Amino acid sequence: MRIFSGIQPTGAKHLGNYIGAIRRYVTSQREGEALYCIVDLHALTVAYDPVQLRRSVYDLAALLLAAGLDPERCVLFRQSDVAEHTELTWLLSSVTAFGDLQRMHQFKEKSAAQRELVSAGLFLYPVLMAADVLAYRATDVPVGDDQRQHVELMRDIAIRFNQRFGGGAPVLAVPEHRIPEVGARIMDLQDPSRKMSTTGGSQEGTIYVLEGREAIERKLKRAVTDSGTEIVRSPQKAGVSNLIEILAAARQISPEQVEERMASARGYGELKAAVSEAVVEMLAPVQQRYGALRGEEAELERVLGSGAAKARLIARETLAEVREVMGVGPRTVAGTHSHQARSLT
Ligand code: AMP
Ligand code: TRP
């Protein structure tokens with residue numbers, strides 16, 4: 001099993017990112033070879049500030065390390081350090097259907113939200129994402145629910161590539177998404193019909209990973225619920241369902257267990273207090289480690305650099321084979337399907 005996931009260095013990371021992705025990266029790094037990529041090139045597809053982007057990469061690297069990523073156990077790197085991602089994007093674009101890209105929910109949403117320019121980069125975003133994963137022949141992609149369609153597209157791209165160029169032996173691995181049952185879609189506390197998000201959500205409805213106890217308690221206290229008192233999940237009770245899910249994820253128990261434990265609670269106030277406590281406890285250790293790590297930019301750069309060196313070795317091999325079978329560049333001497341996946345160790 002080889003695990004790959006990417007995360008954008010944009011804005012402050014929130015509870016949805018933590019539960020849906022970051023915390024799972026930490027557990028996955030013990031289950032197989034794992035590569036985690038800070039996808040700065042994806043961040044160029046909408047309006048951004050170059051100075052802030054560079055800073056955000058360090059913010060995110062420090063956050064991921066604070067959350068428990070261990071550079072001895074996983075490969076943590078910056079996307080733009082491995083040029084193979086961009087080269088593979090172009091090569092894969094020839095086996096990507098234009099119509100499929102037009103159907104991507106995220107493209108539709110983000111292009112509608114752009115005030116000035118809808119960039120071609122935004123349109124090609126899913127192809128770069130496919131290249132991220134396929135360059136490593138990764139098998140498992142831990143993501144939140146909002147990335148489901150993108151992972152399905154990268155599977156289609158890999159399958160089409162293999163059919164067109166594989167000559168019987170698959171060149172690219174067809175990856176599977178790993179979307180968790182609980183916490184794959186944390187909703188905005190103020191508007192539980194929308195996912196918690198840095199760009200689309202409300203400030204008061206979003207809990208940030210680095211937020212203090214007071215703000216967390218306040219936001220949860222004000223979380224939108226309904227006029228009832230029953231603490232159960234149901235489509236009519238989106239706010240309460242979301243709180244149950246957050247509590248389950250934070251305590252690492254099932255939503256059913258939360259409902260059982262809360263059966264004797266006197267109302268939503270008690271549920272909200274329990275969620276606050278669990279979220280504060282979950283985030284506290286990350287917050288404690290973050291400061292010291294963020295201060296050491298040279299060290300962060302060293303970690304990212306050594307991750308990129310390891311990543312490049314794998315990506316380079318895949319690219320050599322992709323070029324070979326696509327008829328790009330001179331014929332290589334080997335010219336064979338020698339893709340014995342290179343190991344990280
Ligand atoms: P991004 O910050 O957009 O790069 O997202 C990083 C990861 O967080 C991706 O795997 C997303 O699927 C996941 N994610 C984003 N928002 C949420 C959310 N509200 N609930 C659960 N997971 C999320
Ligand atoms: N598009 C993903 C997101 O917004 C980030 C991402 C980029 C990614 N490349 C990836 C996720 C590769 C998984 C695998 O969350």
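## A tour from glutamine 147 outward

Start by selecting glutamine 147, in the loop between β4 (140–142) and α7 (148–165). Keep in mind along the way that this is a predicted model. Is glutamine 147 buried or exposed? Its relative accessibility is 12%, under the 20% limit, so glutamine 147 counts as buried. Now show its surroundings: beyond the neighbours within four places in sequence, glutamine 147 is in contact with Gln106 and Met129. With Gln106 there is a polar contact, side chain to side chain, at 3.2 Å.

**Next stop: ligand 2**

Keep glutamine 147 on screen and add ligand 2. Which residues come nearest to this ligand? They are Gly6, Tyr125, Met129, Asp132 and Gln147, out of 13 residues around ligand 2. So Met129 and Gln147, which touch each other, both belong to that nearest group.

Three side chains here are good to label:

- Tyrosine 125 places a polar side-chain atom 2.7 Å from a nitrogen atom of ligand 2.
- Aspartate 132 has a side-chain N or O atom 2.7 Å from a nitrogen atom of ligand 2.
- Glutamine 8 has a side-chain N or O atom 3.4 Å from an oxygen atom of the ligand.

**Across to ligand 1**

Leave glutamine 8 selected and bring up ligand 1. Around this ligand there are 18 residues, and Gln8 is among the nearest, together with Lys13, Gly144, Asp146 and Ile186. Zoom in on lysine 13, where a side-chain N or O atom is 2.5 Å from an oxygen atom of ligand 1. Then switch on the backbone. A polar backbone atom of glycine 16 lies 3.1 Å from a nitrogen atom of ligand 1, and a backbone N or O atom of methionine 196 is 2.9 Å from a nitrogen atom of the ligand.

**Helices α3 and α6**

Go back to Asp132 and colour helix α6 (residues 120–134) along with helix α3 (residues 84–93). How do these two helices pack? Their axes are 8 Å apart, at an angle of about 115°, and the crossing is right-handed. For the contact itself, select His85, Leu88, Thr89, Leu92 and Ser93 on α3, then Val127, Leu128, Ala130, Ala131, Asp132 and Leu134 on α6. By class, these residues comprise 7 nonpolar, 3 polar and 1 charged. Asp132 thus appears in two places on this tour: in the contact with α3 and beside ligand 2.

**A backbone detail after α6**

Follow the chain on to arginine 137, in the loop between α6 and β4. Most residues other than glycine have a negative phi. Arginine 137, however, has a positive phi of about 50°. It is also buried, with a relative accessible area of 11%.

**Last stop: α9 and α11**

Finally, select helix α9 (residues 238–251) and helix α11 (residues 268–295), whose axes are 9 Å apart at an angle of about 35°. Here the crossing is left-handed. From α9 the contact includes Val240, Leu243 and Ile246, and from α11 it includes Tyr268, Leu271 and Val275. In the contact of α9 with α11 there are 12 nonpolar and 4 charged residues, with no polar ones.

Step from α9 into the loop that leads to α10 (255–261) and pick glutamine 252. Its phi is near 55°, again positive in a residue other than glycine. Buried or exposed, this time? Glutamine 252 is exposed, with a relative accessible area of 63%, whereas arginine 137 is buried.

Definitions and conventions
Residues numbered from 1 in each chain as written. Chains lettered and ligands numbered in written order. Predicted model: local features only at pLDDT ≥ 70, side-chain atom pairs only at ≥ 80, totals over all residues. Heavy atoms only, no water. Axes fitted to C-alpha atoms, helices over the stretch in contact; angles between N-to-C directions. Helix = DSSP H or I, 4+ residues; strand = E, 2+ residues; numbered from the N terminus. Left-handed = near helix turned anticlockwise from the far one by under 90°. Contact = heavy atoms within 4.5 Å. Nonpolar A, V, L, I, M, F, W, Y, C, P; charged D, E, K, R; others polar. Buried < 20%, exposed > 50% of the residue type's maximum accessible area, 1.4 Å probe, protein only. Polar contact = N/O pair within 3.5 Å; in protein donor to acceptor, adjacent residues only side chain to side chain. Near = heavy atom within 4 Å.
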